[in-house]
Amino acid sequence: MVVGVLALQGSFNEHISALRRLGVKGVEIRKPEQLQDVTSLIIPGGESTTMAKLAEYHNLFPALREFVQMGKPVWGTCAGLIFLANKATGQKTGGQELVGGLDCTVHRNFFGSQIQSFEAELSIPEIAAKEGGPPIFRGVFIRAPGILDVGPGVEVLADIPVPFDKASSSDLGIQSPEENTHSEKKVIVAVRQGNLLATAFHPELTADGRWHAYFLKMAGEIGEGALCCRSTYVEDPSFSERDKSDLPIFQ
């Protein structure tokens with residue numbers, strides 16, 4: 001399997017490095033015709049408005065929509081999540097074009113500006129059950145979006161408590177799993193719907209390859225037979241001695 005990584009802007013190199021560490025080849029995608037050479041696709045994080053303008057310039061939106069509608073596996077991280085959402089709020093004046101397909105509403109900059117970026121421990125029982133390792137994941141959120149609501153066919157894979165300054169905001173329309181005053185409001189940050197996977201955070205900026213392994217296995221299940229990749233979660237003290245061409249990542 002060759003995995004395409006949309007390479008218009010953002011963290012596409014980091015995704016390719018993460019795939020390489022699992023023994024899988026990632027190729028940069030910049031033109032519509034290049035999508036014909038891959039069976040799955042990652043849409044990376046970056047500046048979503050800039051990515052949308054470049055995708056429009058290269059006439060990529062029709063090909064991306066067709067790729068999704070054909071049922072091919074697609075994973076969107078951060079800006080990629082915004083691309084895949086059926087609806088996005090909090091956009092700049094004039095909005096931006098979306099690929100769509102994922103039955104959810106996303107708030108573009110839910111967690112604030114660049115200086116409000118953060119890391120958080122996420123509970124990921126579904127990923128841990130399939131990929132091993134601890135049931136938590138250190139998520140890196142960089143000017144991150146949040147998923148306000150999801151349709152009935154969308155599986156929630158991770159959520160986190162709503163920041164204090166957002167919790168009292170009635171205009172965000174955050175979906176609450178329990179309607180009582182004692183329940184803690186949470187915002188969804190990772191989902192799966194059929195052939196689509198989306199995360200508001202950046203797994204490619206960590207040493208934990210379980211989200212990439214999960215996507216590869218998901219792609220294998222959807223495609224012709226299961227795809228084997230080199231690894232799930234392994235404590236590796238020699239990580240810093242790996243291929244020097246890999247970009248620096250959070251450990």
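## E131 and its partner K217

Let's start with E131, which is buried: its relative accessible area is 2%, and the cut-off for buried is under 20%. This value, like the others here, comes from a predicted model.

What does the side chain of E131 meet in a salt bridge? Its partner is K217, with 3.1 Å from N to O. The two residues sit in distant parts of the chain, 86 residues apart: E131 belongs to helix 5 (residues 125–131), while K217 belongs to helix 7 (residues 210–222). Unlike buried E131, K217 counts as partly exposed, at 26% relative accessibility.

## A bridge between two strands

Side chains of opposite charge can pair when their charged atoms come close. Another pair to look for is R138 and E119, whose closest N and O atoms are 3.3 Å apart in a salt bridge. R138 lies in strand 8 (residues 136–141) and E119 in strand 7 (residues 118–123), so this pair ties together parts that are 19 residues apart in sequence.

Are these two residues buried or partly exposed? R138 is partly exposed, with a relative accessible area of 32%, and E119 is partly exposed as well, at 33%.

## A buried pair and a network

Now find R210 and D208. They form a salt bridge in which the closest N and O atoms are 2.9 Å apart. R210 counts as buried, with 0% relative accessibility, and D208 is buried too, with a relative accessible area of 13%.

Salt bridges can also share partners: in this way E47, R108 and R143 are joined into one network. How many salt bridges does the structure hold? The total is ten.

## The nonpolar core

Charged pairs are one part of the picture; nonpolar residues are another. In soluble globular proteins, nonpolar side chains tend to be buried together. Here, the largest nonpolar core has 72 residues, and the members that touch the most others are L35, F83, F141, V189 and W211. Helix 7 supplies the largest share of this core, with six residues. You have met that helix already, since K217 lies in it.

Which residues does W211 touch, if we leave out those up to four places away in sequence? Its contacts include the aromatic residues W75, F137 and F201, along with I124, I127, L157 and L197. A190, T199 and P203 are also touched by W211. Try picking out W211 in the structure and tracing these neighbours around it.

Methods:
Residues numbered from 1 in each chain as written. Predicted model: local features only at pLDDT ≥ 70, side-chain atom pairs only at ≥ 80, totals over all residues. Heavy atoms only, no water. Salt bridge = Lys/Arg side-chain N within 4 Å of Asp/Glu carboxyl O. Helix = DSSP H or I, 4+ residues; strand = E, 2+ residues; numbered from the N terminus. Buried < 20%, exposed > 50% of the residue type's maximum accessible area, 1.4 Å probe, protein only. Core = buried A, V, L, I, M, F, W, Y, C linked by side-chain atoms within 4.5 Å. Contact = heavy atoms within 4.5 Å.
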